[in-house]
Amino acid sequence: MSMKRDIDKMFRNLEKDMKSEVSKQAMNDKHEIVCPECDKNRKISFKNGKGKCPKCGSTITLDLNWE
């Protein structure tokens, strides 16, 4: 039984590490999203999870929920 718990723990840690790395990359990349202010589909560059709409100048915070 101990081996199963060790394997489960290993997979939980692997999942946590993968989500962390993907989040880090996504928070510093360019994404095509709908701007909440001008309601248009825009390509927005994010740095540390913060971006600015190139048309209206609205500040956008990227929120990643892993559920």
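# A walk from helix α1 to the sheet

Start by selecting D8: it is partly exposed, with a relative accessible area of 31%. Here "buried" means under 20% relative accessible area, "exposed" means over 50%, and "partly exposed" is in between (1.4 Å probe, protein chains only). Before moving on, note that this is a predicted model, where local features need pLDDT of at least 70 and side-chain atom pairs count only at pLDDT 80 or more, while totals for chains, interfaces and linings use all residues. Residues are numbered from 1 along each chain as its sequence is written, and side-chain values use heavy atoms, with hydrogens and water left out.

**Stop 1: along the helix**

Keep D8 on screen and add K4. Their side chains meet in a salt bridge, 3.2 Å from N to O. The term stands for a side-chain nitrogen of Lys or Arg within 4 Å of a carboxyl oxygen of Asp or Glu. K4 is partly exposed too, at 49% relative accessible area. Both residues sit in helix α1 (residues 2-26), four residues apart, or about one turn of the helix. Helices (H or I, at least four residues) and strands (E, at least two) are DSSP runs here, numbered from the N terminus.

How many salt bridges does the structure hold? Three, so there are others to click through.

Go to E15 and K19 next. This pair forms a salt bridge whose closest N and O atoms are 3.3 Å apart. Because they are four residues apart in helix α1, K19 and E15 are separated by about one helical turn. K19 counts as partly exposed at 27% relative accessibility, and E15 is partly exposed at 42%.

Then pick E21 and K24, whose side chains meet in a salt bridge of 3.6 Å, N to O. These two are three residues apart in α1, so about one helical turn separates them. E21 is partly exposed, with a relative accessible area of 37%.

**Stop 2: the sheet**

Switch to cartoon and look for the open sheet of four strands, in the order β1-β2-β3-β4, with antiparallel pairing. Its edge strands are β1 (30-34) and β4 (59-61), each pairing on one side only. Two strands pair if DSSP finds at least two bridges between them. Strands of a sheet pair through backbone hydrogen bonds, either parallel or antiparallel.

Rotate the view a little: neighbouring strands of this sheet are turned by 40° against each other on average, direction ignored. The axes are lines fitted to C-alpha atoms, for helices over the stretch in contact, and angles run from 0 to 180 degrees between N-to-C directions.

Now zoom in on β2 (residues 41-47) and β3 (residues 50-52), antiparallel strands joined by two bridges. Select F46 and you'll find its bridge partner in β3, G51.

**Stop 3: two loop residues with positive phi**

Most residues other than glycine have a negative phi, and most peptide bonds are trans. Which way does D39 go, positive or negative? D39 has a positive phi of about 60° although it is not a glycine. You'll find D39 in the loop between β1 and β2, exposed at 59% relative accessibility.

N48, in the loop between β2 and β3, also isn't a glycine and has a positive phi of about 55°. N48 counts as exposed, at 59% relative accessibility.

**Stop 4: the cysteines**

How many disulfides does the structure hold? Zero, where a disulfide is a pair of cysteine sulfur atoms within 2.5 Å. Select C38: its sulfur is 3.6 Å from the closest cysteine sulfur, in C35, which is too far for a bond. C56 is in no disulfide either, and the nearest cysteine sulfur, again that of C35, is 3.7 Å away. C38 is partly exposed at 24% relative accessibility, and C56 is partly exposed at 38%.

**Stop 5: E37 and S58**

E37 lies in the loop between β1 and β2 and is exposed at 59% relative accessibility. Leaving aside neighbours within four places in sequence, E37 is in contact (heavy atoms within 4.5 Å) with C56 and S58. For a distance check, draw a line from E37 to I60: they are 23 residues apart in sequence and 9.4 Å apart in space, C-alpha to C-alpha.

Hop across to S58, in the loop between β3 and β4. Is S58 buried or exposed? Buried, with a relative accessible area of 13%. Not counting residues up to four places away in sequence, S58 touches C35, E37, G51, K52 and C53.

**Last stop: the annotated span**

Finally, colour residues 6-58, which an unreviewed UniProt entry annotates as "domain: RCHY1 zinc-ribbon". UniProt positions are given in the numbering used here, feature names are shortened, and annotations may be inferred rather than shown by experiment. The end C-alpha atoms of this span lie 47 Å apart, and the span is 40% helix and 28% strand.
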